[in-house]
Amino acid sequence: MSSLAFTADGQLILVAQAKDNVGSPGLIAPSGSGALEPRDVPQEGTGLTLGDIVRRGAERELREECHISEQDIEVSAIVGHGRWVSRGAMPEFCVVTLLQLTSDEVLDRAVRLVERPYVTEVLAVDLAPITRWNPRKPLAMLPEEIRGSASWPLALGLACLAQSILDQDQSWPLGQELMQRLPAQRQRRPVREGA
């Protein structure tokens with residue numbers, strides 16, 4: 001599963017993976033990415049849904065890779081799901097997370113020593129204007145200089161996010177909050193292809 005975390009000032013946090021990382025060696029990955037662990041399902045976990053467990057795992061990966069705390073996370077929501085065929089059709093859930101931190105506050109934190117074999121750098125980027133978000137061309141949402149280095153989970157996450165924003169109605173509070181965080185010129189809804 002992976003998380004696309006947006007800061008309070010509307011930037012997307014990304015992670016540059018180390019060359020020895022198994023999942024996406026040397027590529028730009030989502031804010032947090034990895035697999036569920038037993039600790040993501042607490043012993044008293046009765047009543048938790050699959051969505052709860054996925055969000056817990058995605059938030060844990062985000063906290064580990066970006067060196068943030070549980071209190072820094074405002075809200076998370078699953079926006080999509082896919083299968084990573086080259087890794088045995090492993091399921092890949094996509095989560096969007098809103099942070100209570102600014103991009104400067106995230107970037108001021110050093111990568112934890114235990115994460116350095118996996119993470120070389122944490123980045124904060126502006127996405128393309130929301131009117132150009134297209135689930136069929138997710139890499140076009142990224143700054144041009146990092147498009148060629150994007151990992152598959154990042155591309156899937158961006159596609160799921162674009163589709164969620166395109167499909168949203170007023171009942172999706174996280175989507176509304178995300179659009180408010182993005183600069184004013186980006187707040188118009190994307191245009192459907194062929195419309």
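These legends accompany several close-up views of one protein chain, shown as a predicted model.

**View 1. The whole chain, with its five helices and seven strands.**
Start here to get your bearings before zooming in. Following the sequence from its beginning, you meet the elements in the order β-β-β-β-α-β-β-α-β-α-α-α. The chain has 195 residues, and 51% of them count as buried. Its accessible surface comes to about 9,600 Å², with 50% of that area belonging to carbon and sulfur atoms. How much of the contact between residues at least 6 apart in sequence joins residues at least 24 apart? The share is 64%.

**View 2. Q17 and the residues it touches.**
Look for Q17 in strand β2, which covers residues 12–17. Is Q17 buried or exposed? Its relative accessible area is 6%, and buried means under 20%, so Q17 counts as buried. Leaving aside residues up to four places away in sequence, Q17 touches S24, G26, L27, A29, S33, E65, Y118 and T120.

**View 3. A salt bridge between R39 and E64.**
The search of the whole structure finds eight salt bridges, and this view shows the one where the side chains of R39 and E64 meet, at 2.6 Å from N to O. The pair links distant parts of the chain: R39 sits in the loop between β4 (32–33) and α1 (50–66), while E64 belongs to helix α1, 25 residues apart. The two partners also differ in how they are covered: R39 counts as exposed at 51% relative accessibility, whereas E64 counts as buried at 13%. Now widen the view a little to see a network of salt bridges that links R39, R60, E61 and E64.

**View 4. A salt bridge within helix α1, between D52 and R55.**
Here the side chains of D52 and R55 meet, with an N to O distance of 2.6 Å. How many residues apart are D52 and R55 in helix α1? They are three residues apart, which is about one turn of the helix. D52 is partly exposed, with a relative accessible area of 22%. R55 counts as partly exposed too, at 24% relative accessibility.

**View 5. A salt bridge between E74 and R181.**
In this pair, the closest N and O atoms are 2.6 Å apart. E74 lies in strand β5 (residues 73–84) and R181 in helix α5 (residues 173–181), so their salt bridge ties together parts of the chain that are 107 residues apart in sequence. Which side of the pair is buried, and which is partly exposed? R181 is buried, with a relative accessible area of 9%, while E74 counts as partly exposed at 40% relative accessibility.

**View 6. A patch of negative charge on the surface.**
Finally, turn to the surface of the chain. Which residues gather in this patch of negative charge? They are D9, D104, E105, D108 and D126. To find one of them, look for D108 in the loop between α2 (103–107) and β7 (119–125). D108 has a relative accessible area of 67%, and exposed means over 50%, so D108 counts as exposed.

Key:
Residues numbered from 1 in each chain as written. Predicted model: local features only at pLDDT ≥ 70, side-chain atom pairs only at ≥ 80, totals over all residues. Heavy atoms only, no water. Helix = DSSP H or I, 4+ residues; strand = E, 2+ residues; numbered from the N terminus. Buried < 20%, exposed > 50% of the residue type's maximum accessible area, 1.4 Å probe, protein only. Contact = heavy atoms within 4.5 Å. Areas by Shrake-Rupley, 256 points an atom, 1.4 Å probe, with all protein chains shown as cover. Salt bridge = Lys/Arg side-chain N within 4 Å of Asp/Glu carboxyl O. Patch = residues over 30% accessible without salt bridge, like charges linked within 9 Å, V, L, I, M, F, W, Y side chains within 5 Å. Lys, Arg positive; Asp, Glu negative; His and termini not counted. Charge placed at Lys NZ, Arg CZ, Asp CG, Glu CD.
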